[in-house]
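I am opening a notebook on a structure that is new to me, and I want to set down what I looked up in the order in which I looked. The sequence and the model come before the entries.

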Amino acid sequence: MTSNSVFYSQIEDDTRSIYGRGLNYKPLQNELQDTQKRLQRLLEAEQREADTDSRERIKRAVKAHREHIAELEAMIARAEKTQL
């Protein structure tokens, strides 16, 4: 409506936060896909990075993304069980 991409992005994030986690709604799948894409980019960056400090930060981010993916997958599995 406003053609403001930042506004749209914020609404999308809010929708995921509220409906995805609270109501096990479809945005959980979207959040999982987005997190997997970010993880892939981090893994690629880790391979390219020569600086030791940067590599350590990237490794911590990779670990956090993997944990978040596991959490999202568990939430999706629980949501699928309740829908059966």
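The entries below go from the whole chain to its core, and then to single residues and pairs.

**Entry: confidence**

I began with how far the model can be relied on, since I am working with a predicted model. For the protein chain I found a mean pLDDT of 83, with 80% of its residues at 70 or more. I then looked up where confidence is lowest and where it is highest: helix α1, residues 5-22, is the lowest with a mean of 70, while α2 is the highest at 92.

**Entry: the chain as a whole**

Which secondary structure elements does the protein chain have, and how many of each? I found three helices and zero strands, and along the sequence the pattern reads α-α-α. The second helix, α2, covers residues 27-48, and helix α3 covers residues 52-83.

I next looked up burial and surface for the protein chain. Of its 84 residues, 25% are buried, and the chain exposes about 6400 Å², of which carbon and sulfur atoms supply 51%. For contacts between residues at least 6 apart in sequence, I noted that 53% join residues at least 24 apart.

**Entry: the nonpolar core**

I then asked which residues make up the largest nonpolar core. There are eleven of them, and I list them here for later reference: L28, L32, L39, L42, A45, I58, V62, I69, L72, M75 and I76. The elements that give two or more residues to this core are α2 and α3, and α3 gives the most, with six residues. As background I wrote down that in soluble globular proteins nonpolar side chains tend to be buried together.

**Entry: T35**

Is T35 buried or exposed? T35, which I located in helix α2, has a relative accessible area of 0%, and it counts as buried because that value is under the 20% cut-off. Setting aside the neighbours within four places in sequence, I found T35 in contact with H65, H68, I69 and L72. Two of these names, I69 and L72, I had already met in the list for the largest nonpolar core. The side chain of T35 also takes part in a polar contact with the side chain of R38, at 3.1 Å.

**Entry: S54**

I turned to S54, which lies in helix α3. S54 has 15% relative accessibility, and it is therefore counted as buried, the limit being 20%. A polar contact of 3.2 Å joins its side chain to that of R57.

**Entry: salt bridges**

How many salt bridges does a search of the whole structure find? The search gives two, and I took them one at a time, keeping in mind that side chains of opposite charge can pair when their charged atoms come close.

In the first that I looked up, K59 pairs with E56, and the closest N and O atoms are 4.0 Å apart. K59 and E56 are three residues apart in helix α3, so about one helical turn separates them. Both ends are partly exposed: K59 has a relative accessible area of 37%, and E56 has one of 35%.

In the other, the side chains of K63 and E67 meet with an N to O distance of 4.0 Å. K63 and E67 also both lie in helix α3, where they are four residues apart, about one turn of the helix. Here the ends fall into separate classes, since K63 is exposed at 53%, whereas E67 is partly exposed at 47%; K63 counts as exposed because its value is over 50%.

**Entry: two distances**

Last, I looked up two C-alpha distances. Q47 is in helix α2 and is exposed, with 63% relative accessibility; the C-alpha atoms of Q47 and I58 are 9.9 Å apart in space, and these residues are eleven apart in sequence. I58 is one of the residues of the largest nonpolar core.

For K63, in helix α3, I looked up the separation from L39: the two residues are 24 apart along the chain, and their C-alpha atoms are separated by 9.1 Å. L39, too, is among the residues of the largest nonpolar core, while K63 is exposed, at a relative accessible area of 53%.

Terms used: Residues are numbered from 1 along each chain as its sequence is written. Side-chain values use heavy atoms; hydrogens and water are left out. Buried means under 20% relative accessible area, exposed over 50%, partly exposed in between (1.4 Å probe, protein chains only). A polar contact is a pair of N or O atoms within 3.5 Å; within protein, one must be able to donate a hydrogen and the other to accept it, and residues adjacent in sequence count only if both atoms are side-chain atoms. Contact means heavy atoms within 4.5 Å. Accessible areas come from the Shrake-Rupley method with a 1.4 Å probe; for residues, only the protein chains shown count as cover. A nonpolar core is a set of buried Ala, Val, Leu, Ile, Met, Phe, Trp, Tyr and Cys residues joined through side-chain atoms within 4.5 Å. pLDDT is the predictor's confidence in each residue, from 0 to 100.
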